[in-house]
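Reader: I'd like to get to know this model one question at a time. Could you start with a single residue and then work outwards?

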Amino acid sequence: MKTNRRCRALLAVSLNLMALLFSTTAFITTHWCEGTQRVPKPTCGKEKKTNCLNYGGNETANETNQNVVHYSWETGDDRFLFRYFHTGIWYSCEENINAAGEKCRSFIDLAPASEKGVLWLSVVSEVLYIMLLVVGFSLMCLELFHSSSVIDGLKLNAFAAVFTVLSGLLGMVAHMMYTQVFQVTVSLGPEDWRPHSWDYGWSFCLAWGSFTCCMAASVTTLNSYTKTVIEFRHKRKIFEQGFREEQNFLDQEAIKYFRERTEEERAEAGDLRLQCLHSCSPN
């Protein structure tokens, strides 16, 4: 029993640790959602010769004279670039079409004013989710390595299960609120940011993977708790049943002993009476 209980506790600790690592990674990365943004092609110049609009003529003069009318044969999507972007809870980063690298801006500033409160609630829920995971992980480690008795281990096990379940619920709410805020920002966000196409990224998958590991850890912990309690009750029932049988056996032995003792005493008393009658009778 002790070995099985230790294996279940070790499995719960491992799942909780995975949930903690996944949630922390997702919280600090910027790949919850990713896709492309359609932006106008820049004007070709001395430093940029590709993926740009070439209006012909003297490029230097065209760049300096704002009154020159520019003509281009490119129409439709040919006039636009599709730059890659990725967004997290804190920042949204997009490809820099004028230079190498990326440029990032705060996603909190990009969100519409009506959704900022929901976004902050999502951030607070994510922080609480991670904190409760840390508390649950600490209690599981105490139960696994430092519990002096089975009763203390069961108490730690119960508290760890409660904290882990609460953290999982908070994580689920936080992920759903962020998804809602992002979808509203796609429709009502700044014009220069709105995605042309987008999908969920690996950070989003990590966040929900963390939730899955968290709930699996809580179920494993509750399972360990209930199994231990059931085993204790079963052993107690067997002990009480054996104690009753032993008590009944002892009672029967005691009754038999007292009966035999009483019969012997009666026989001895009868013998004494006979001896007394013989001794007291005249010759």
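**From one residue to the whole fold**

Reader: Is A207 buried or exposed?

Author: The relative accessible area of A207 is 1%. Buried means under 20%, exposed means over 50%, and partly exposed is in between, using a 1.4 Å probe and protein chains only. Since 1% falls under the first cut-off, A207 is buried.

Reader: Before we go on, what kind of model is this?

Author: Residues are numbered from 1 along each chain as its sequence is written, and side-chain values use heavy atoms, with hydrogens and water left out. Local features need pLDDT of at least 70 and side-chain atom pairs count only at pLDDT 80 or more, while totals for chains, interfaces and linings use all residues, because this model is predicted.

Reader: Which residues does A207 touch beyond its sequence neighbours?

Author: A207 lies in helix α6, where helices (H or I, at least four residues) and strands (E, at least two) are DSSP runs numbered from the N terminus. T25 is 182 residues away along the chain, yet its C-alpha atom and that of A207 are separated by 8.3 Å. Contact means heavy atoms within 4.5 Å. Not counting residues up to four places away, the residues touched by A207 are A26, W32 and H175.

Reader: And which residues are in contact with S125?

Author: S125 is found in helix α4. With 9% relative accessibility, S125 counts as buried. Leaving aside neighbours within four places in sequence, its contacts are L170, A174 and M177.

Reader: Which element gives the most to the largest nonpolar core?

Author: A nonpolar core is a set of buried Ala, Val, Leu, Ile, Met, Phe, Trp, Tyr and Cys residues joined through side-chain atoms within 4.5 Å. The largest one here has 28 residues, and W32, F107, L119, Y178, F182 and W193 have the most contacts inside it. At least two of its residues come from each of α1, α3 (107–110), α4, α5 and α6. The most, 6 residues, come from α6.

Reader: How many residues are in the second core?

Author: This core is separate from the largest one. Its members include A9, M140, L144 and A217. The total is 10 residues.

Reader: How many cavities of 30 Å³ or more are there?

Author: On a 1 Å grid over the protein atoms alone, a cavity is a set of points where a 1.4 Å probe fits but cannot get out, and lining residues have an atom within 4 Å of a point. Grid points are joined across faces, edges and corners, and a volume is the space filled by probe spheres set on the points. By this rule, the second largest cavity holds about 50 Å³. The count of cavities is 2.

Reader: Which helix supplies the largest share of the lining of the second largest cavity?

Author: Among the lining residues are R8, A12, E143, N157 and T220. At least two lining residues come from each of α1 (2–28), α4 (116–145), α5 (150–188) and α6 (202–280). The largest share is 4 residues, and it comes from α1.

Reader: How many helices and strands does the protein have?

Author: From the N terminus on, the elements run α-β-α-β-β-β-α-α-α-β-α. Of the 283 residues, 34% count as buried. The totals are 6 helices and 5 strands.

Methods:
On a 1 Å grid over the protein atoms alone, a cavity is a set of points where a 1.4 Å probe fits but cannot get out, and a pocket is an open set with protein on both sides within 12 Å along at least five of seven lines; lining residues have an atom within 4 Å of a point.
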